[in-house]
Amino acid sequence: MEEETKAVKEVATTVGKAIDAMAQAGQFFAKFFTGPLEQASGIVEDRLRFMRLERYMRLKERAVEILRQREISGPTRAVPLSILVRILEFGSMEEDNDLQDLWAQLLVTAGDAKSGIVVEPAFIGILQNLSSRDAAILDKIYSFPMEYEKLGLYTYALPEKLVTDNPTVEMNPPKDVCQSLGNLNRLGLIASGMMWDAGSNYQLVSQTVLGRAFVTACRGTSS
């Protein structure tokens, strides 16, 4: 009986710590909201109560770290609640660390008035539809300067790298890379070369205005 009582107390202590941690995280995220702190904190906590605590807490820790890296003490503009709650909801459910980092970046950018970047509602749907491979390839495509919105990039060396030189023979990227390029093209983040039968040719891709805006929001700096 004594051991059972001890076990119950340990469980209660653990649950209590988890509740405290959730409340503290809710108070942090509420700073991105324009309404009363108590109201925002309650909304966030109620919406995210079912989420895995460790992923929720990691999202908070990454947001704090990104703020520190950008030398910002906290959010400097309010984030619309419709955007804030969706970022926290999807970001807290993301199990891939690299993708969750993008959610944290998007959150901090949304609350950073000095960034000059507007986080559009469409960005949330776009990020929700990316795999980690998609995101890595997209990052490579937008590692090239802005003039490549009009110029083409050859994809046959992906996922390792992109090249600007036309190969001497026809070379296709691997099948899994083509799948990612197809998704990026579907989302409007890249443009692909066109074939005579009106299909897409992913041997050659170029940047788009939407793609650069999305990547810039995820990086938090103009690219």
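User: What makes helix 5 and helix 6 roughly antiparallel to each other?

Analyst: In this predicted model, helix 5 (residues 97–110) and helix 6 (residues 121–128) pack at an angle of about 175°. Angles over 145 degrees count as roughly antiparallel, and helix 5 and helix 6 are therefore given that description. Their axes are 11 Å apart.

User: Which residues of helix 5 and helix 6 meet, and how do they divide into nonpolar, polar and charged?

Analyst: From helix 5 come Leu102, Trp103 and Leu106, and from helix 6 come Phe123, Ile124, Leu127 and Gln128. The residues of this contact divide into 6 nonpolar, 1 polar and no charged.

User: How do you know that the length of helix 5 agrees with its number of residues?

Analyst: The 14 residues of helix 5 should span 20 Å at 1.5 Å a residue. The end C-alpha atoms of helix 5 are 20 Å apart, so the two values agree.

User: Why is helix 5 called largely enclosed by the rest of the structure?

Analyst: Buried means under 20% relative accessible area. In helix 5, 11 of the 14 residues are buried, so the helix is largely enclosed. Among them are Leu99, Gln100, Asp101, Trp103 and Ala104. The buried residues of helix 5 also include Leu106, Leu107 and Val108.

User: What makes Asp96 a cap of helix 5?

Analyst: A side-chain oxygen of Asp96 lies 3.0 Å from the backbone nitrogen of Asp98. A polar contact is a pair of N or O atoms within 3.5 Å. Asp96 caps the N-terminal end of helix 5.

User: Where is Glu94, and which residues does Glu94 contact beyond its neighbours in sequence?

Analyst: Glu94 is in the loop between helix 4 and helix 5. Leaving aside neighbours within four places in sequence, Glu94 is in contact with Arg55, Leu99, Gln100 and Trp103. Glu94 and Leu59 are 35 residues apart in sequence, and their C-alpha atoms are 9.2 Å apart in space.

User: How do you know that the span of helix 4 agrees with its number of residues, and which of its residues are buried?

Analyst: At 1.5 Å a residue, the 13 residues of helix 4 should span 18 Å, and its end C-alpha atoms are 18 Å apart, which agrees. The buried residues of helix 4 are Ile83, Leu84, Val85, Ile87, Leu88, Glu89, Phe90, Gly91 and Ser92.

User: Why is helix 7 called roughly perpendicular to helix 8?

Analyst: The axes of helix 7 and helix 8 cross at roughly 75° and come within 9 Å. Angles of 65 to 115 degrees count as roughly perpendicular, and that makes helix 7 roughly perpendicular to helix 8. By class, their contact has 6 nonpolar, 3 polar and 3 charged residues. On the helix 7 side are Arg133, Asp134, Ile137, Leu138 and Ile141. The helix 8 residues include Asp176, Val177, Leu181 and Leu184.

User: Why is Thr155 called buried?

Analyst: The cut-off for buried is under 20% relative accessible area. Thr155 has 0% relative accessibility and therefore counts as buried. Thr155 is in the loop between strand 1 and helix 8. The side chain of Thr155 reaches the backbone oxygen of Tyr202 at 2.5 Å. Not counting residues up to four places away in sequence, Thr155 touches Leu162, Pro173, Leu181, Tyr202, Gln203, Leu204 and Val205.

User: Why is Gly152 called partly exposed?

Analyst: Partly exposed covers the range between under 20% for buried and over 50% for exposed. Gly152 has a relative accessible area of 25%, so it is partly exposed. Gly152 lies in the loop between helix 7 (132–141) and strand 1 (153–154). Beyond four places in sequence, Gly152 touches Leu204, Val205 and Ser206. The C-alpha atoms of Gly152 and Gln203 are separated by 9.5 Å, with their positions 51 residues apart along the chain.

User: Why is Glu71 called exposed, and what is its phi?

Analyst: Exposed means over 50%; Glu71 has a relative accessible area of 75%, so it is exposed. Glu71 has a positive phi of about 60° although it is not a glycine. Most residues other than glycine have a negative phi. Glu71 is found in the loop between helix 3 (53–69) and helix 4 (81–93).

User: Which residues does a cis peptide bond join?

Analyst: The cis bond joins Leu158 and Pro159, with omega about 10°. Most peptide bonds are trans. Pro159 lies in the loop between strand 1 and helix 8 (175–186).

How values were computed
Residues numbered from 1 in each chain as written. Predicted model: local features only at pLDDT ≥ 70, side-chain atom pairs only at ≥ 80, totals over all residues. Heavy atoms only, no water. Axes fitted to C-alpha atoms, helices over the stretch in contact; angles between N-to-C directions. Helix = DSSP H or I, 4+ residues; strand = E, 2+ residues; numbered from the N terminus. Parallel < 35°, antiparallel > 145°, perpendicular 65-115°, else oblique. Contact = heavy atoms within 4.5 Å. Nonpolar A, V, L, I, M, F, W, Y, C, P; charged D, E, K, R; others polar. Buried < 20%, exposed > 50% of the residue type's maximum accessible area, 1.4 Å probe, protein only. Expected span 1.5 Å × (residues − 1). Polar contact = N/O pair within 3.5 Å; in protein donor to acceptor, adjacent residues only side chain to side chain.
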